[in-house]
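Student: Please take me through one helix packing in close detail. Then set it beside the other packings and sheets of the model.

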Amino acid sequence: MSTISMKKHYRLLNPFNISDKQNSPTHIRYSGLILEPAIANFFTGRIWSRNHTPFPQQKIDTYINRGYFETVPAVTTKPKLICRRCLNEQSYKFVSFHCAKCQKICHYCRHCIMMGRMCSCDELIIWKGTDTRKQKSQVQFAWNGNLTSHQKKAADELAESISQHKNHLLEAVCGAGKTEILFSAIYDSLKAGKKVCVASPRTDVVLELYPRFQQVFQKITIHALYGGAETNTQFAQLVLATTHQLYRFEHAFDVMIVDEADAFPYIYDEALQSAVMKAKKPDAPIAFVTATPSKKLLLQQKTENWGSSFIARRFHGHPLPVPRFQALWNYEKALQKNKIPQKLQAWLYQRLQKNEPFLIFFPTIELMEQAKPLFQKIESTIESVHSEDPDRKEKVLQLRNEQRKGLLTTTILERGITIKNIQVAVVGAENPIFISSALIQISGRVGRNVQYPTGDIVFFHHGITMEMDRARKKILEMNRHE
Ligand SMILES: [Zn+2]
Ligand SMILES: [Zn+2]
């Protein structure tokens, strides 16, 4: 094939008409290899297992041989063990074993094993070809809601920071309407052809945001990535992902937004934090969005001179519901003897009588499962949910659709869930798992709807803790703000 006809051929298969002159291996036009947009679309910004891609292996190998990919070992061993996928360097998180594949002592990283096991003789591939992100965006903004003056101010500040490549901390109480505040910054970025990621430590948050973003940002591809989601090979300009899924990206995003930045496991996990940094381009701004920023985040905002916004008001203008404390002595023993403590039972009957949906939080799965049959005897539609429950999404939906009266739950539902007129109880609020930010988030489930701006939030306890006090103080403090 002559150079000219090859050029023509190539252009046909390159619908975005992207020039390869600057970014690609120089031999591209003479290699005889026809670049498939699907490959470039999928791999741009990703770091992926060489042997487990959505494409035929032979094709991938050909591209590698032609220099389109850089290959790196999944785990480097010298000078020390580092997982190239999640950047974990903690030696106790690596496992050494006699590997059947390479017939040597091989190492794999336990830290990111939920993404599939990768050991030192496995390879990761990084796309070095055309950057498909340069395509023009067709995005359409289809939202005609109104922002409150507080929201508008924060939205403008955020968009300003992002446009100036500046990091930003958005601190907004539960129910301030954080998602709507993000819209204009995201839209501006998408319009400019930038690739945007909204990451959250919680699958539930990704699931809740996905349909809303699909409605608001039309004519573009949006991906929701979480454990168990299908691998989609199209190019997505907007990616909603759990922070774990970011392990598979490298220098991919022009704008990074971390929602619920303080949520477990993100705050406890250095590797997840570096995954966020790795997934974005080095100069891409990052915005942290949270109702309960950690001390570290607040300090960083100050010392590194980030932009910041603060909203103490809910979008409907009503104050945050303040938790009340109620002693529930020896509740564990009672439940173990198959008895629901009287005050808790009275609370439950009140909800049922008034036909109010409810959530009851438990500190452990064991205690919750012990309590479940007792609750079901009173009301058969009551169910329990926890992080490993495969039917979690469905049960929450059933609560929303009034097919269930209430749910028992672990802290898994502390955020990302909005249900009209929900009433909330925490059983065992003194348990160390209920740190103040968790208790604030749990309280934040109540009174989110403009038609039902109030509701009951009760902390049943076996002794009041500092964390409980701290949570209530912070909520009262927010309510004093204008
Ligand atoms: Zn790893
Ligand atoms: Zn091996």
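**Helix packing, then sheets and loops**

Tutor: Four residues of H5 meet four of H6: Thr179, Glu180, Phe183 and Ile186 on the H5 side, Leu209, Arg212, Phe213 and Val216 on the H6 side. Contact here means heavy atoms within 4.5 Å. By class, the contact holds five nonpolar residues, one polar and two charged. Ala, Val, Leu, Ile, Met, Phe, Trp, Tyr, Cys and Pro count as nonpolar; Asp, Glu, Lys and Arg count as charged; the others, Gly among them, count as polar.

Some ground rules come next. This is a predicted model, so local features need pLDDT of at least 70 and side-chain atom pairs count only at pLDDT 80 or more, while totals for chains, interfaces and linings use all residues. Residues are numbered from 1 along each chain as its sequence is written, chains are lettered from A and ligands numbered from 1 in the order in which they are written, and side-chain values use heavy atoms, with hydrogens and water left out. Helices (H or I, at least four residues) and strands (E, at least two) are DSSP runs, numbered from the N terminus.

Now the geometry. Two packed helices are described by the angle between their axes and the distance between the axes. H5 spans residues 178-191 and H6 spans 203-216; their axes come within 12 Å and cross at roughly 45°. Axes are lines fitted to C-alpha atoms, for helices over the stretch in contact, and angles run from 0 to 180 degrees between N-to-C directions. H5 and H6 are therefore oblique to each other. The classes are: under 35 degrees roughly parallel, over 145 roughly antiparallel, 65 to 115 roughly perpendicular, the rest oblique. The H5 and H6 crossing is right-handed. A crossing is right-handed if the near helix is turned clockwise from the far one by less than a right angle, and left-handed if anticlockwise.

H5 also packs against H4 (residues 149-163): the two axes come within 8 Å and cross at roughly 30°. H4 and H5 are therefore roughly parallel to each other. H4 passes H5 in a right-handed crossing. On the H4 side sit Gln151, Ala154, Ala155, Leu158, Ala159 and Ile162; they meet Glu180, Ile181, Leu182, Ser184, Ala185, Asp188 and Ser189 of H5. That contact has eight nonpolar, three polar and two charged residues. Glu180 of H5 appears in the list with H6 and in the list with H4.

Further along the chain, H13 (residues 436-443) and H14 (residues 466-480) have axes that come within 8 Å and cross at roughly 50°. That makes H13 oblique to H14. The crossing is right-handed. Ser436, Leu439, Ile440 and Ser443 of H13 meet Glu467, Met468, Arg470, Ala471, Lys474 and Ile475 of H14. Five of these residues are nonpolar, two polar and three charged.

Next, the sheets. Strands count as paired if DSSP finds at least two bridges between them. One open sheet has three strands in the order E1-E7-E2, with antiparallel pairing. E1 (47-49) and E2 (69-73) are its edge strands, each pairing on one side only. Neighbouring strands are turned by 35° against each other on average, direction ignored. E2 pairs with E7 (residues 123-127) over five bridges, in the antiparallel sense. Glu70 has Ile126 in E7 as its bridge partner. H3 (residues 57-65) packs on this sheet and touches E2 and E7; its direction makes about 100° with that of E2.

Another open sheet has six strands, E17-E22-E21-E18-E20-E19 in order, with parallel pairing. E17 (324-327) and E19 (383-385) are its edge strands, each pairing on one side only. The twist averages 25° from one strand to the next. E18 (residues 358-361) pairs with E20 (residues 406-409) over four bridges, in the parallel sense. Phe361 has Thr409 in E20 as its bridge partner. H11 (residues 365-378) packs on this sheet, touching E18, E19 and E20; its direction makes about 160° with that of E19.

Two backbone details follow. The Lys78 to Pro79 peptide bond is cis, with omega near 0°. Pro79 lies in the loop between E3 (75-76) and E4 (82-83). Leu87 has phi near 65°, a positive value in a residue other than glycine. Leu87 lies in the loop between E4 and E5 (94-98).

Last, confidence. The protein chain averages a pLDDT (the predictor's confidence in each residue, from 0 to 100) of 88, and 91% of the residues score at least 70. Over residues 1-30 the pLDDT is below 50; this stretch has 40 contacts in the model beyond near neighbours in sequence.
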